[in-house]
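Please walk through the model shown below, moving from one surface feature to the enclosed part of the sheet and then to the charged pairs.

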Amino acid sequence: MVTYIEENMAGSIAGFNVLPIRLNRKSQSGHVLYYKEHNIRGDSASLPPDRTIFVLNVPPYCNKECFVRLFSDCGRVDSVYLQEKPTSELLPKSTTKYFSHENISQGFKVAYVVFKSPSAVEKAMSRKHSEPYILISDDQAALEAGYKKWCTEYKSERPNLKDLQKEIDEFMQSYDQKVSEDIQKAKEEEGTPDDEGWITVTRKGSKKQKPVARKEHIEKQLKAKEKKKREDKELVNFYTFQVRETKREHIAELRRKFEEDKHRIAQLRAARKFKPY
């Protein structure tokens, strides 16, 4: 079991650099953050691997401003993202205030710190920490806790009705505009064949469209697809009763042809006449 002192003395554990922290100077117990370079397959626009570090074991009281202060001596911090679990690509930034898809956990989480330049990541990875870093100094305001924190959370969950109605109206206006644009686009494309020669028919079309001649190679492709569909659906002689019916139909067909041949031969014999000359 690795203790806090052993972790503090160790420079890195399992590829992660160790960063000891304390809430303030009066705190008797400390905490440890683990960070390393953010390595993923491919490129990420929001989390560029050469300018991002990945931080684990982030406590609830550690916010974005704390990370800016923690790594400001390494270089300029461009942005900080707090997530409930690791991810390779961030969701697009939400523009709404009350209907945001960003759901930051109130418990322990992970963080992504994006620097302005790649050299800042190298400096952060080579940095040694001899003593715990103090998150809140004496002249800074203390974090809310207990009753005050609950009151703040309660107020934040009750939105202002006027602001909420305004946001809903703006959303509905943008939605109606998008629907009208889609309807206009559908009208413009009505009667225009696609790459395979198909024409989308809608109920709104009142005028009869003139038939559009299909190209020869498109016609062949469509026929080949229809033939393949029929062959895939048909299961010939798959069940036992199908085999019996096939044999029965084959015997009946042979008998019918035999009777037709007998009748034809009888007609030929009856019509045969003796012609000496």
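Methionine 172 sits in helix 5, which covers residues 161-189. The model is a predicted one. With a relative accessibility of 37%, methionine 172 is classed as partly exposed, because that value falls between the limits of 20% for buried and 50% for exposed. Methionine 172 takes part in a nonpolar patch on the surface, together with Ile168, Phe171, Tyr175, Val179 and Ile183. The patch has an area of about 510 Å².

Helix 5 also holds a charged pair. Aspartate 182 and lysine 178 are both in this helix, four residues apart, or about one turn. Their side chains form a salt bridge in which the closest N and O atoms are 3.5 Å apart. Aspartate 182 has a relative accessible area of 41% and is therefore partly exposed.

The chain as a whole contains seven helices and seven strands. Their order along the sequence is α-β-β-β-β-α-β-β-α-β-α-α-α-α. Of the 277 residues, 21% are buried. The accessible surface amounts to about 22,600 Å², and carbon and sulfur atoms contribute 53% of that area. Among contacts with a separation of 6 or more, 65% are between residues 24 or more positions apart.

Which residues of strand 6 are buried on each of its two faces? On one side they are Lys109, Ala111, Val113 and Phe115, and on the other Val110, Tyr112 and Val114. Strand 6 spans residues 109-115, and seven of its seven residues are buried, so the strand is largely enclosed by the rest of the structure.

Strand 6 pairs with two other strands named here. Strand 4 (residues 52-58) runs antiparallel to strand 6 and is joined to it by five bridges. Within that pairing, isoleucine 53 is placed opposite valine 113. Strand 5 (residues 77-83) is also antiparallel to strand 6, with six bridges between them. Here valine 77 has phenylalanine 115 as its bridge partner. Valine 113 and phenylalanine 115 are both on the list of buried residues for one face of strand 6.

Lysine 109 belongs to strand 6 as well. Its relative accessibility is 6%, so lysine 109 counts as buried. What does the side chain of lysine 109 reach? The side chain extends to the backbone oxygen of glycine 107, at 3.2 Å.

The charged pairs come next. Side chains of opposite charge can pair when their charged atoms come close. Five salt bridges are counted in the model. One of the pairs, aspartate 73 with arginine 127, has an N to O distance of 2.7 Å. This pair ties together distant parts of the chain, its members being 54 residues apart. Aspartate 73 is in the loop between helix 2 (64-71) and strand 5, while arginine 127 is in the loop between helix 3 (118-126) and strand 7 (133-134). Are the two partners buried or exposed, or in between? Aspartate 73 has 44% relative accessibility and so counts as partly exposed, whereas arginine 127 is buried, at 16%.

Helix 7 (residues 240-271) contains arginine 256 and glutamate 253, which are three residues apart, about one turn of the helix. Their side chains meet in a salt bridge with an N to O distance of 2.3 Å. Arginine 256 is partly exposed at 40% relative accessible area, and glutamate 253 is partly exposed at 32%. The linkage extends to Glu260, which joins Glu253 and Arg256 in a network of salt bridges.

A last stop is the loop between helix 5 and helix 6 (216-233), where glutamate 196 lies. Glutamate 196 is partly exposed, with a relative accessibility of 34%. What does glutamate 196 contact, leaving aside its neighbours within four places in sequence? The residues in contact with it are Ile218, Leu222 and Lys225. Glutamate 196 and histidine 217 are 21 residues apart in sequence, and their C-alpha atoms are 9.5 Å apart in space.

Note on methods: Residues are numbered from 1 along each chain as its sequence is written. This is a predicted model: local features need pLDDT of at least 70, side-chain atom pairs count only at pLDDT 80 or more; totals for chains, interfaces and linings use all residues. Side-chain values use heavy atoms; hydrogens and water are left out. Buried means under 20% relative accessible area, exposed over 50%, partly exposed in between (1.4 Å probe, protein chains only). Contact means heavy atoms within 4.5 Å. Accessible areas come from the Shrake-Rupley method with a 1.4 Å probe; for residues, only the protein chains shown count as cover. Patches are made of residues with over 30% relative accessible area and no salt bridge: like charges are joined within 9 Å, nonpolar side chains (Val, Leu, Ile, Met, Phe, Trp, Tyr) within 5 Å. A salt bridge is a side-chain nitrogen of Lys or Arg within 4 Å of a carboxyl oxygen of Asp or Glu. Two strands pair if DSSP finds at least two bridges between them. A polar contact is a pair of N or O atoms within 3.5 Å; within protein, one must be able to donate a hydrogen and the other to accept it, and residues adjacent in sequence count only if both atoms are side-chain atoms.
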